[in-house]
Amino acid sequence: MTIVLTPVWSNGVQKLKVTSAPPSRPALGLLPPAHNDGVHYHRCLAQLRSKDKNIEKYIYLTQLKDADPSMFYRICLANMAEITPLIYTPTVGDACLQFSQNFRRPEGLFISIKDKGNIGKILRNWPRINEARITVVTDGSRILGLGDLGVNGMPISIGKLSLYVAGAGIRPESTIPICLDLGTDTQKFLDDPLYLGLRHKRVPTHEADEFMEEFMHELATHFPKMLIQFEDFSTDKAFAYLDRFRHRYPLFNDDIQGTGAVVLSGFINAAKLSSAASGRPITDHRIMFLGAGSAGVGVAMQLMSFFKLNGLSTEEARSRIYLVDSQGLIFDGRGPMAEHKKYFSRKDYNGPPMTDLTEIIKLVQPTALMGLSTTKGAFNQSVIETMSALNPRPIIFPLSNPVRLSECEFHEAVEWSKGTVLFASGSPFPEEEYRGKMLYPGQGNNMYIFPGLGLGAILSRAASVTDSMVEASSLGLANALTPEERAQDLLYPRVERIREISGEIALAVIRAAQKAGVDRSPDLRRMTDEEVRAFVKERMWDP
């Protein structure tokens with residue numbers, strides 16, 4: 001047996017740490033005589049493609065990752081466009097709903113409210129504590145658009161980390177999926193005999209807050225090099241926990257910041273095309289959101305950067321953004337509202353409440369319409385035709401996941417806009433031919449952003465994830481289009497180039513961390529951009 005001794009420093013003293021060697025091939029006789037990795041790759045791909053349901057493909061890939069991680073990631077990297085929708089959106093939504101029914105083997109860490117006061121001991125049970133560099137944490141309280149799934153939300157953390165590995169070359173042993181079980185308010189799961197979580201309602205806010213304080217302190221204590229990503233917390237908790245912890249720990253919330261960054265990137269490219277068609281200045285855009293939860297407000301906050309980058313003040317940028325929720329246009333005179341909605345509440349409208357989306361569009365005359373409402377069909381024919389009458393190239397981004405909750409589908413947007421739409425969605429849609437021209441939908445998937453953002457934060461050893469780092473990731477993505485992709489009016493680069501894209505984003509994030517003074521890797525400061533690119537590429541893990 002090979003033993004690898006690695007020197008490490010602890011309290012100023014150098015010690016030798018035993019680390020695991022790369023797995024060797026099984027001894028002679030433990031594999032069939034003609035077994036060959038190249039042939040086995042095609043065998044695994046054929047087995048995957050023989051499944052006729054996406055959830056069955058998800059289950060197969062989960063088993064393959066457990067049995068042969070290198071083969072799983074080889075297949076991912078070579079078939080990103082095919083595999084990504086299977087290990088993340090939209091299939092991960094079904095995987096969450098069926099998690100307790102389909103459960104085979106545990107993956108990641110489960111920490112419940114019953115562990116309060118004892119969380120440090122639970123964290124110490126992780127078998128690869130020295131290798132850990134990144135975790136995705138969820139409490140399952142708002143999974144995609146599916147509601148409170150409790151412990152069934154764990155596939156979200158697992159799926160995100162698989163994309164960190166495939167998309168940015170984070171080492172598999174450096175990742176920890178974590179699900180926090182604080183109960184669930186979904187009665188269907190409490191009544192389900194197979195449900196794997198605690199059988200009680202969610203604990204009160206004060207108790208959850210105390211739990212989170214202990215969890216974050218212990219996480220930072222036991223994993224001092226850990227980057228933390230919060231995922232799918234309910235809207236109120238998402239904003240509260242991000243605000244409470246982001247300046248104390250290296251932390252970001254993907255729903256608020258990651259979604260905002262990827263939409264900003266797509267919007268930058270869409271706005272250029274739209275302005276070129278209309279002849280109006282780039283600062284003349286007006287953006288309307290349907291949906292004012294954590295994702296909607298988070299994206300709105302990020303899109304203010306678009307206007308500020310183009311010379312507008314903060315107040316001018318805010319005035320270009322309109323929010324619509326289930327009760328209609330959000331304005332001051334409407335009455336009491338949730339705290340996170342107040343920043344974008346309109347002060348320039350004092351009429352009666354407006355709830356009809358088409359009528360609101362006629363009033364606001366937006367150039368762009370963003371959907372984060374999880375309301376299927378909300379962008380109906382009337383809505384898109386009205387947007388098309390106002391704009392030569394309307395920007396329509398139905399961003400809700402999964403597909404069955406998307407505000408409209410690509411073929412509808414193409415048909416109702418007569419092929420003029422600039423479209424990006426949260427889930428994948430097939431390309432469409434319209435009047436002899438092939439049109440390509442953009443997919444504003446966070447997987448374009450968070451792998452590179454996470455890699456840059458880890459390599460720079462960022463003490464916190466600043467707004468400037470998130471903005472840098474967005475600009476890095478917007479500038480990643482090739483001339484061929486621009487010629488096809490693509491808003492996002494092709495996902496097959498994800499490793500290349502993540503490398504450029506990581507470079508931008510490292511430089512932003514240095515400029516903000518939160519980096520703790522001084523050696524990178526002395527490197528040129530080309531040297532940092534080479535450093536980033538060298539650190540990417542390949543199966």
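Select Ile-321 to begin: this residue sits in strand 9, residues 321–325, where strands are DSSP runs of E with at least two residues, helices are DSSP runs of H or I with at least four, and both are numbered from the N terminus. The model is a predicted one, in which local features need pLDDT of at least 70 and side-chain atom pairs count only at pLDDT 80 or more, while totals for chains, interfaces and linings use all residues. Residues are numbered from 1 along each chain as its sequence is written, and side-chain values use heavy atoms, with hydrogens and water left out.

Ile-321 counts as buried because its relative accessibility is 0%; buried means under 20% relative accessible area, exposed means over 50%, and partly exposed lies in between, with a 1.4 Å probe and protein chains only. Now add Ile-287 to the selection, which is 34 residues away along the chain although the two C-alpha atoms are separated by 5.0 Å. Leaving aside neighbours within four places in sequence, Ile-321 is in contact (heavy atoms within 4.5 Å) with Ile-287, Phe-289, Ala-300, Leu-303, Met-304, Phe-344 and Arg-346.

From there, move to Leu-303, which, not counting residues up to four places away in sequence, touches Val-263, Leu-264, Phe-267, Ile-287, Phe-289, Ile-321 and Met-370. Leu-303 is also one of the residues that touch the most other members in the largest nonpolar core, which has 111 residues; the others to select are Phe-267, Phe-289, Leu-323, Met-370, Phe-397 and Met-469. A nonpolar core is here a set of buried Ala, Val, Leu, Ile, Met, Phe, Trp, Tyr and Cys residues joined through side-chain atoms within 4.5 Å. Apart from this core lies another, of 33 residues, and to find it you can select Leu-182, Phe-223, Ile-228 and Leu-251, which are among its members. In soluble globular proteins, nonpolar side chains tend to be buried together.

The next stop is a pair of annotated residues, Tyr-88 and Lys-160, which an unreviewed UniProt entry covers with the annotation "active site"; UniProt positions are given in the numbering used here, feature names are shortened, and annotations may be inferred rather than shown by experiment. The two are spread over 73 residues of sequence, yet they cluster in space, with a largest C-alpha distance of 7.2 Å.

Tyr-88 is in the loop between helix 4 (80–87) and helix 5 (91–97), and it counts as buried because its relative accessibility is 4%. Beyond its neighbours within four places in sequence, Tyr-88 contacts Ile-156, Gly-159, Lys-160, Leu-163, Glu-231 and Asn-445. Lys-160, by contrast, has its place in helix 8, residues 154–168, and a relative accessibility of 1% is why Lys-160 counts as buried. With neighbours within four places again left aside, the contacts of Lys-160 include Tyr-88, Glu-231, Asp-254 and Phe-450.

Now select Arg-142, Asn-401 and Asn-445, where UniProt, again in an unreviewed entry, places the feature "binding site". Asn-445 lies in the loop between strand 16 (442–443) and helix 18 (450–459), and at 4% relative accessibility Asn-445 counts as buried. Show its side chain together with that of Thr-89, since the two side chains make a polar contact at 3.3 Å; such a contact is a pair of N or O atoms within 3.5 Å, where within protein one must be able to donate a hydrogen and the other to accept it, and residues adjacent in sequence count only if both atoms are side-chain atoms. Leaving aside neighbours within four places in sequence, Asn-445 is in contact with Tyr-88, Thr-89, Val-262, Ser-425 and Gly-426.

Arg-142 is found in the loop between strand 4 (134–138) and helix 8, and at 21% relative accessibility Arg-142 counts as partly exposed. Among the residues that Arg-142 touches, not counting those up to four places away in sequence, are Gly-147, Asp-232, Asp-255 and Ser-294.

For a last residue, go to Arg-499 in helix 21, residues 498–516, which counts as buried at 15% relative accessibility. Its side chain makes a polar contact with the side chain of Asp-542 at 3.0 Å.

Finally, zoom out to the chain, which has 23 helices and 16 strands. Buried residues make up 57% of its 543 residues, and the C-alpha atoms fill a box of roughly 75 × 55 × 55 Å, taken along the principal axes.
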